[in-house]
Structures are given as C-alpha cells and as structure tokens.
Amino acid sequence: MAIPQSLHESLSLPLIAAPMFLISGPELALACCKAGVVGSFPALNQRTSAGFEEWLVQMNSELAAYREQHPGHPVAPYAVNLVVHRTNPRWEADLELCVRHQVPIVITSLGAASQVVEAVHSYGGLVFHDVINQRHARKAAEAGVDGIIAVSAGAGGHAGTTNPFVLVHEIRDVFDGTVILAGGLSHGEDLLAARALGADMAYMGTRFINTRESRAEAAYQNMIIEAVSEDIIHTPAVSGVPASFMRQSLEAAGFPMDKLGKAAEVNYGEKLKPLDDEAKAWKTVWSAGQGVSQIHNVLSVAALVTRLSGEYYSARSTLCG
C-alpha cells in the first residue's frame, strides 16, 4: 500500500482529477498538474490519433517549461485514459503514441491488457486500471498494473454499485499495489477518509466538471449546481452498460423515466455502443456522480485545489489531535 515513488515529490495532494469523456482536455489537465494533482484526459476526446498526438506534445512541452520556471514547486505528472476494448479501433495506435511521447501514467478502462502494461513499463511509466468489482481487480492484478481505481457506488460515468468500504477491502485482498478510490468525493475531508479506509489516493471527477478549465458548457455546470444526490440515476440505457447520469438531462433527452430503473444488469464492458453513437449519447445526456449535492459553484482549478488542500490538512490535523 503506497503512492508510487515517482509521484511522491510531485503531488500537493494524493489526488487524480479523473479523465472525463468530452469534458477533460489539455486545459484542465495542465491546470491540475500545475496545482500539484494528477490531471488527465481520455485519448478519445480527440477525434483522431493525430490530434491526440498534438495534445501529448502540448502536455510535455508546457509542463517541462513550467517545471523549469518554478523549481521546487510540486508539478504533478499527467495521465491519459485508453479504452482497451474492441469498440475502440484506435487503442493500439494511441498506445504507440503514449510510448513514443512517454506518457507518465496510462489509465486503462474496460480491459486490463498485459500488452499495455509491458509497453508503458518499457519507458518507466505507470499503468492504473479502473474496476467496479473484485473479479475485475483480480484480472488487473494478474496483468501487472501498478494501481487499481476502485470505482464505487456514487461515482459518475461507468460507475459500480459496491459500497466503497467494501470495495477497497475486496481489492486489497487480491492486490498489494496502489489503490485509488472513486465515488462521490468532493471535499478535502473525503480524501483523508479515503486514505483512512486503506486507499492510497483519491479519484475526483464531478467536482472538476465545475471548473473554469473544464470543457463542460454552462448549462451542464448549472445543472450540477442545482442537482442533489437523488437526481443521479444509474442506468445502462444510455451507453449499453450501467452509468450515472443526472435525472434532469435524461428527462430532457426524452428517456422514459419509469423504465430506467428496471433495466436488467449487463456484463460490464460487453455491450458498449460504437464510438460515434457513444459520443452522441454523452453529448446530450450529462453524467455526474452523487457528489453533485456538494457542488455549489464554478472555480478555477487553482482555487479548487487550494480549498481541497486546506480541508485535507485541517481534517488531518484535527484527527491527529
């Protein structure tokens, strides 16, 4: 149980800003890294591999310049999310680009491939994999990943339904690497609670939608401010596998609300829509986690991380007496 040594000196908080489909871009990732938390984006937020490579060049050059201009300041590495699944015909080409540009952290979804681990380890990078249950965690451990992201109940996106207290311990039973907890985290105290539970780091997505560097439109951010936890509906109706969406956006898109909760359980990752259909669906139906009830504004990333840091260290000081 440990944060990887390569991250120790570069973090102001044990936090990863989650890669969010259509929301996270270089602007958000760079702001996070400069504030000392891991910034990230999905490779698929660029429509082509050529465009994705342009983002990698931008990330590496801007972070190198920032580190040179701010010696001694914690500047976190960035992460790229790869969907390792047959519905993503680009993933191997995008992986080659990650190797070419030595992406520090690769976050894999829907497939814990040893091929990815070997490629990223070849240049000293890290591979984290997101899971929703112990069975997937065991497969990720067998593939040799460095970290496992426990996507628990209350998370946005393709979330699980297992209580975080249970899920973290179940993962610890089969994995001794870095564990990162996701699901409804919005405050610095939440980060400390995740550490106390046995996770090494926290994974925060919805809170970063409501930042100035986010690519979310104003209506999306306002809906988050107005929503509460009971507005979050977990359903496979949008993307083919269970994911969390705001009730208001589902209603606006014409989904039959009386039937969403009755959808049968499906095998995670096996019934995804093709990429073009997926993008259209998520553009009009907005995802968020249960942490919406704790989000009341739109801040810059720098201001948000400063607030989270104050809450985290204050809570730690209080608990340590």
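**Exercises on a predicted model**

In helix α10, which spans residues 218–226, the buried residues include Tyr220, Gln221, Met223 and Ile224. The structure is a predicted model, and the exercises below begin with this helix.

**Exercise 1.** Determine how the buried residues of α10 are arranged about its axis, and what covers them.

*Solution.* Step 1: take Tyr220, Gln221, Met223 and Ile224, which are buried in α10. Step 2: viewed down the axis of α10, the buried residues fall within an arc of 155°, so they line one face of the helix. Step 3: turn to the other side of α10, where Ala218 and Glu226 are exposed. Here, exposed means over 50% relative accessible area, whereas buried means under 20%. Step 4: look for the cover over the buried residues of α10; it includes α9 (206–209), β10 and α11 (247–252).

**Exercise 2.** Describe the two faces of strand β10 and its pairing with β9.

*Solution.* Step 1: β10 comprises residues 243–246. On one side lie Ala243 and Phe245, and on the other Ser244 and Met246. Step 2: these four residues are all buried, so both faces of β10 are covered. Step 3: β9 (residues 232–235) runs antiparallel to β10, and four bridges join the two strands. Step 4: to place one of these residues, note that Thr235 has Ala243 in β10 as its bridge partner.

**Exercise 3.** Identify the largest nonpolar core and the helix that gives the most to it.

*Solution.* Step 1: the largest nonpolar core contains 44 residues, and Val80, Val116 and Ile171 have the most contacts inside it. Step 2: the helix that gives the most to this core is α3 (residues 49–69), with six residues. Step 3: examine Val116; leaving aside residues up to four places away in sequence, Val116 touches Val84, Trp91, Leu95, Val106, Thr108 and Val127. Step 4: a second, separate core has 35 residues, among them Ala35, Phe208, Val301 and Leu308. In soluble globular proteins, nonpolar side chains tend to be buried together.

**Exercise 4.** Assess whether the radius of gyration of the protein agrees with that of a compact globule.

*Solution.* Step 1: for 321 residues, a compact globule would have a radius of gyration near 20 Å. Step 2: the protein has 18 Å, which agrees. Step 3: add the extent of the C-alpha atoms, which fill a box of roughly 55 × 50 × 40 Å along the principal axes. Step 4: add the burial, as 57% of the 321 residues are buried. Step 5: complete the description with the secondary structure, which comes to 14 helices and ten strands.

Notes
Residues are numbered from 1 along each chain as its sequence is written. This is a predicted model: local features need pLDDT of at least 70, side-chain atom pairs count only at pLDDT 80 or more; totals for chains, interfaces and linings use all residues. Side-chain values use heavy atoms; hydrogens and water are left out. Buried means under 20% relative accessible area, exposed over 50%, partly exposed in between (1.4 Å probe, protein chains only). Two strands pair if DSSP finds at least two bridges between them. A nonpolar core is a set of buried Ala, Val, Leu, Ile, Met, Phe, Trp, Tyr and Cys residues joined through side-chain atoms within 4.5 Å. Contact means heavy atoms within 4.5 Å. The arc is that of the directions from the helix axis to the C-beta atoms. The radius of gyration is taken over C-alpha atoms; the globule rule is 2.2 Å times the number of residues to the power 0.38.
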